[in-house]
Amino acid sequence: MMKYIIKLLMMSMLLTVVTIPLVKASEENAAATNFSVTPLNEKTLKPQSSYFDLKLSPGSNKKMTVRIDNPNDEAIKVLVEANNGSTNDNGITSYLTTKKRDTTLKVAFSDMTSFKKETITVPKNATKNVVVPINVPQESFEGVVLGGLRFSLEDDDKKKAETSTVTSKISYTIGVLLKESDEAIEPKMKLNAVQVEQRNARNYISANLQNTVPRIIKKLEVNARVYKESGKKVLYEGNATNLRMAPHSNFNYGINLDDQPLIAGKYRMEITGKADGVPFSFKRN
């Protein structure tokens, strides 16, 4: 027994010696190159709140200015993207580039700016301002338009391709909220397709939920149950609270089967929930 304990202690010491330098190296690499971004007031060019909240008029023009600070002793290249707000499959607002535009999104942030994607070089120990123009359509729009300005180190992807080690990717997103009035829009949810899929090698039953109006849903509650087509026994169930949705967006709300087998057959999904307190319910065979 004593020999076994000694052997375990030696293995533990060996693992400690091996892993500590790797963690330290990762931290050093992450700290070697960093930067920060600051939204600036349009008139004073002084730091303002952490995001842009602009009230606009039809046909008007605005400029959003963001300062990039580079405290490093070498120049950096920052990739700046102007993306539409969307909702990812975790029920979180996202500002990453999306391949498909929501079918209900008629007036988008990307429609209002000529700025799409640009690489900005910031000299060492210096700052540089990025100006993003906003051109409001002549035709009025309701509710809010949500977008985001995303800033990431361009060299990170190249370094990641050249090495097999895990690297930290530094990026920042500044939200952009555009509106013409403070009129509240009533939430309106829709159920689209229901499908079976895999995420990280696990089975899911997913329901595509859609926010069809120009309103940010700040608190989305979902309760989803799956039955045999004419059955009463709940076979699979998923519940979520405090999800968020961007205006005119959709996402796949998934029920994790937790290693339960999915048997071929006919099923029925029932979904109930609340979007900012407004109830909804759907049923789909």
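## A parallel pair to start with

Let's open with β2, residues 52–55, which runs parallel to β10, residues 171–179, the two being joined by 4 bridges. One pair to look for here is L54, whose bridge partner in β10 is L178. Keep in mind throughout that this is a predicted model.

On to β9, which is also joined to β10: these two run antiparallel, with 9 bridges between them. If you want a spot to check by eye, take R150, which has T173 as its bridge partner in β10.

## The five-stranded sheet

Those pairings belong to an open sheet of 5 strands, ordered β2-β10-β9-β4-β7, and the pairing in this sheet is mixed. The edges are taken by β2 and β7 (117–122); each has a single partner strand, so one side of each is left without a neighbour in the sheet. From one strand to the next, the twist averages 20°.

Further along the order, β4 and β9 pair antiparallel, over 7 bridges. In this pairing L79 sits opposite S152 of β9.

## The four-stranded sheet

There's also an open sheet of 4 strands, this one with antiparallel pairing and the order β14-β13-β16-β17. Which strands stand at the edges of this sheet, and why is one side of each left without a neighbour? They are β14 (236–245) and β17 (278–284), and the reason is that each has a single partner strand. The twist here averages 15° from one strand to the next.

For a closer look, follow β16, residues 267–275: 7 bridges join it to β17, and the two run antiparallel. Opposite I271 you'll find F282 in β17.

## The chain overall

Stepping back, the protein chain has 3 helices and 17 strands. Of its 285 residues, 41% count as buried. How much of the contact set is between residues 24 or more positions apart? Among contacts in the chain with a separation of 6 or more, such pairs account for 72%.

## One buried residue, one exposed

Take T65 as a case from the inside. This threonine is in strand β3, residues 61–70. T65 has a relative accessible area of 8%, and the cut-off for buried is under 20%, so T65 counts as buried. Leaving out residues up to four places away in sequence, T65 touches T38, P39, L40, L45, F52, N129, V130 and V131.

Now compare Q138, which lies in the loop between β8 (126–135) and β9. Is Q138 buried or exposed? Its relative accessibility is 66%, so Q138 counts as exposed. Setting aside neighbours within four places in sequence, Q138 is in contact with P58 and G59. Then there's S57: Q138 and S57 are 81 residues apart in sequence, yet their C-alpha atoms are 8.6 Å apart in space.

## A closed cavity

If you're after empty space, the structure holds 1 cavity of 30 Å³ or more. The largest cavity has a volume of about 70 Å³. Its lining is made up of N84, G85, L105, V107, A108, F109, V144, V145, L146, A246, P247 and H248.

Which strand gives the largest share of that lining? The answer is β9 (residues 144–153), with 3 residues. By class, the cavity lining has 9 nonpolar and 3 polar residues, with no charged ones.

## An open pocket

The largest pocket contains about 610 Å³ of space. It's lined by 27 residues, and the closest to its centre are T98, K100, R101, D102 and N250. By class, the pocket lining comes to 4 nonpolar, 18 polar and 5 charged residues.

Several strands contribute to this pocket: at least two lining residues come from each of β4 (76–84), β5 (86–87), β12 (202–211) and β15 (249–256). The largest share comes from β15, which supplies 4 residues. So you meet β4 twice in this tour, as a strand of the mixed sheet and as a supplier of pocket lining.

Conventions: Residues are numbered from 1 along each chain as its sequence is written. This is a predicted model: local features need pLDDT of at least 70, side-chain atom pairs count only at pLDDT 80 or more; totals for chains, interfaces and linings use all residues. Side-chain values use heavy atoms; hydrogens and water are left out. Two strands pair if DSSP finds at least two bridges between them. Axes are lines fitted to C-alpha atoms, for helices over the stretch in contact, and angles run from 0 to 180 degrees between N-to-C directions. On a 1 Å grid over the protein atoms alone, a cavity is a set of points where a 1.4 Å probe fits but cannot get out, and a pocket is an open set with protein on both sides within 12 Å along at least five of seven lines; lining residues have an atom within 4 Å of a point. Grid points are joined across faces, edges and corners, and a volume is the space filled by probe spheres set on the points. Ala, Val, Leu, Ile, Met, Phe, Trp, Tyr, Cys and Pro count as nonpolar, Asp, Glu, Lys and Arg as charged, and the others, Gly among them, as polar. Buried means under 20% relative accessible area, exposed over 50%, partly exposed in between (1.4 Å probe, protein chains only). Contact means heavy atoms within 4.5 Å.
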